[in-house]
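Dear colleague,

I am passing on the structure we talked about, with the sequence alongside. Please open both before you read my notes, which follow directly below.

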Amino acid sequence: MRNFAPMKQPAIQKPEGLSEVLLHACCAPCSSAIVEWMLANGVRPVIYYFNPNIYPSEEYEIRKNESKRHAESLGLRWIDGDYNHEEWRECVYGLEGEPERGRRCEQCFKLRMIAAARKAQELNIPYFTTTLASSRWKNLDQINQAGLIAEQAVEGVKFWAQNWRKGGLYERRNQLLKEYRFYNQQYCGCEFSMRDKSTESTEK
């Protein structure tokens, strides 16, 4: 009797029947390969740029404009979320001393995912997902947990939990970064990640 090996699941698994998704975008470089994959696989993303964690405001504007440039080059709808860094600081109050991937990041992800879920609900888009899950510097479990919390908090939308580093997308991201000549930031976004990046560079 012949034994058959189990079929390997694809690296990227699209929810059945999905044709439109709200994509929370942290930046243009992280969005690029994900958006390319979506368009090639019958999914049209609406790009939602909501990142009140980014500091300073000049850095925020650079990243925002790059994200908008990328979306417009592909004819995609791009939405600018409100930038309120003080509100974000209140959200992470008491967690300023936490390291990267610590409890401060959990709070930050939760704030942004709930905002994304609400925007998806407002636009009547059934699924939302995030480019945060493409970064090897982020804790994927924290991101997925934040997405599921947002799904439970906002009625009528579902979180598409996906490791966007897989399927060659991380390598493709680096190619597209050069092709588009994107601004490539050197830290996650907030003033505390600037501190940790500085320490990391000193230690190497």
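Is Glu66 buried or exposed, going by its relative accessible area? Before I answer, please keep in mind that this is a predicted model, and that everything in these notes was computed from it.

Glu66 turns out to be buried, because its relative accessible area is 13% and the cut-off for that class is under 20%. Its side chain is also engaged in a salt bridge with Arg69, in which the closest N and O atoms are 2.9 Å apart. Arg69, by contrast, counts as partly exposed, at 33% relative accessibility. Both residues belong to helix H2, where Arg69 and Glu66 are three residues apart and so separated by about one helical turn.

A second pair in the same helix follows a comparable pattern of spacing, since Lys64 and Glu61 both lie in H2, three residues apart, or about one turn of the helix. Their side chains meet in a salt bridge with an N to O distance of 3.2 Å. Here Lys64 is the buried partner, with 14% relative accessibility, whereas Glu61 is partly exposed at 35%.

Elsewhere in the chain, Arg103 forms a salt bridge with Glu98, the closest N and O atoms lying 3.1 Å from each other. Of these two, Glu98 counts as buried at 18% relative accessibility, while Arg103 is partly exposed, with a relative accessible area of 47%. Glu36, Arg172 and Glu179 are joined into one network by salt bridges that share partners. The count of salt bridges in the model comes to ten.

Turning to the strands, I would start from E2 (residues 44–49), which is mostly covered, five of its six residues being buried. On one hand, E2 runs parallel to strand E1 (residues 20–24), to which it is joined by five bridges, and here His24 stands opposite Tyr48 of E2. On the other hand, E2 pairs with strand E3 (residues 78–80), again in the parallel sense, over three bridges, with Asp80 in E3 as the bridge partner of Tyr49.

The helices complete this picture. E1, helix H1 (residues 28–40) and E2 make a right-handed β-α-β unit, and E2, helix H2 (residues 57–73) and E3 make a right-handed β-α-β unit as well. Helix H2, which holds the Lys64 and Glu61 pair described above, is therefore also the helix of the unit that links E2 with E3, as you can follow in the model.

With best wishes

How values were computed
Residues numbered from 1 in each chain as written. Predicted model: local features only at pLDDT ≥ 70, side-chain atom pairs only at ≥ 80, totals over all residues. Heavy atoms only, no water. Buried < 20%, exposed > 50% of the residue type's maximum accessible area, 1.4 Å probe, protein only. Helix = DSSP H or I, 4+ residues; strand = E, 2+ residues; numbered from the N terminus. Pairing = 2+ DSSP bridges. Right-handed = clockwise from strand over helix to strand, strands pointing away. Salt bridge = Lys/Arg side-chain N within 4 Å of Asp/Glu carboxyl O.
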